[in-house]
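Please read the following note alongside the sequence and the structure. The points are numbered so that each may be checked in turn.

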Amino acid sequence: MKLAHLTTVDNSIQAELVCNKLRNHGIEPIIFNEHFTTLMPQYYGMMGSGIQNKVKDSDQKYAIEILDLNSQSTVCPNCKSNKIEFKSNNSGFLKSVFYFIALIFFIPIGNVINSCICKDCDYEFKV
């Protein structure tokens, strides 16, 4: 059975809400990384962390319709434009080395949350 990724959320409550909505429509989702993300929230957003909801590959299109993932688009909170560019805060070789060392020695470094930049007004905001 091949699994398809649907969403990544930052807490168990959001993951269960997504799962319950899918179960109500006859799709059985599987949750990944729940315990790691709950126990180590400072690593959310790094190296694939976050609670992931996955479904069977054959159910992915129907699950996307149920969750209405296609209609959710990011808009700028400042000017309401949809011309958004995503900016990753965890890029660069030195940052990758630092994150690797922090993971080995269990050094909490805070959340690495990706941000967005509006192309119209140059406003930077968190997703």
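The points below go from the overall fold to individual residues.

1. Overall arrangement. The model under review is predicted. Its protein chain contains four helices and six strands. Followed along the sequence, these elements come in the order β-α-β-α-β-α-β-α-β-β. The chain has 127 residues, of which 28% count as buried.

2. Contacts and surface of the whole chain. Among the contacts in the protein chain with a separation of 6 or more, 65% are between residues 24 or more positions apart. The exposed area of the chain is about 8,400 Å². Carbon and sulfur atoms supply 56% of that area.

3. The main nonpolar core. The largest nonpolar core has eight residues: Leu 6, Val 18, Leu 22, Ile 27, Val 55, Ala 63, Ile 66 and Leu 67. Two helices, α1 (12–23) and α3 (60–67), each contribute at least two residues to this core. The largest contribution is that of α3, which gives three residues. Ile 27 offers a convenient view of the surroundings: apart from its neighbours within four places in sequence, Ile 27 is in contact with Leu 22, Val 55, Asp 59, Tyr 62, Ala 63 and Ile 66. Another core, of five residues, lies apart from this one and includes Cys 76, Cys 116, Cys 118 and Phe 125.

4. A buried polar residue. Is Asn 53 buried or exposed? Asn 53 has a relative accessible area of 0%, and because buried means under 20%, Asn 53 is classed as buried. The residue belongs to strand β3, which covers residues 51–56. Its side chain makes a polar contact with the side chain of Thr 7, at 2.9 Å. Once residues up to four places away in sequence are set aside, Asn 53 touches Ala 4, His 5, Leu 6, Thr 7, Ala 15, Val 18, Cys 19, Ile 30 and Ile 31. Of these names, the student may recognise Leu 6 and Val 18 as members of the largest nonpolar core.

5. A network of salt bridges. How many salt bridges does the structure hold? There are two. In one, the side chains of Glu 16 and Arg 23 meet, with an N to O distance of 3.8 Å. In the other, Arg 23 pairs with Glu 28, and the closest N and O atoms are 3.2 Å apart. Glu 16, Arg 23 and Glu 28 are thus linked in a network. Glu 16 is partly exposed at 31% relative accessible area, and Arg 23 is likewise partly exposed at 35%. Glu 28 counts as exposed, at 52% relative accessibility.

6. A loop residue and a core residue. Asn 24 is placed in the loop between α1 and β2. With a relative accessibility of 67%, Asn 24 counts as exposed. In sequence, Asn 24 and Ile 66 are 42 residues apart, whereas their C-alpha atoms are 10.0 Å apart in space. Ile 66 is one of the residues of the largest nonpolar core.

7. A nonpolar patch on the surface. Which residues form a nonpolar patch on the surface? They are Phe 93, Val 97, Phe 100, Ile 101, Ile 104 and Phe 105, and together they have about 630 Å² of accessible area. One of them, Ile 101, lies in helix α4, residues 93–104. Ile 101 is partly exposed, since its relative accessible area of 39% falls between the limits of 20% and 50%.

8. Two backbone angles to inspect. Most residues other than glycine have a negative phi. Asn 33 has a positive phi, near 65°. This residue sits in the loop between β2 (30–32) and α2 (34–39), and at 33% relative accessibility it counts as partly exposed. Asp 122 also has a positive phi, near 60°. Its place is the loop between β5 (115–118) and β6 (124–126). Asp 122 counts as exposed, because its relative accessibility of 61% is over the 50% limit.

Terms used:
Residues are numbered from 1 along each chain as its sequence is written. This is a predicted model: local features need pLDDT of at least 70, side-chain atom pairs count only at pLDDT 80 or more; totals for chains, interfaces and linings use all residues. Side-chain values use heavy atoms; hydrogens and water are left out. Buried means under 20% relative accessible area, exposed over 50%, partly exposed in between (1.4 Å probe, protein chains only). A polar contact is a pair of N or O atoms within 3.5 Å; within protein, one must be able to donate a hydrogen and the other to accept it, and residues adjacent in sequence count only if both atoms are side-chain atoms. Contact means heavy atoms within 4.5 Å. Accessible areas come from the Shrake-Rupley method with a 1.4 Å probe; for residues, only the protein chains shown count as cover. Patches are made of residues with over 30% relative accessible area and no salt bridge: like charges are joined within 9 Å, nonpolar side chains (Val, Leu, Ile, Met, Phe, Trp, Tyr) within 5 Å. A salt bridge is a side-chain nitrogen of Lys or Arg within 4 Å of a carboxyl oxygen of Asp or Glu. A nonpolar core is a set of buried Ala, Val, Leu, Ile, Met, Phe, Trp, Tyr and Cys residues joined through side-chain atoms within 4.5 Å.
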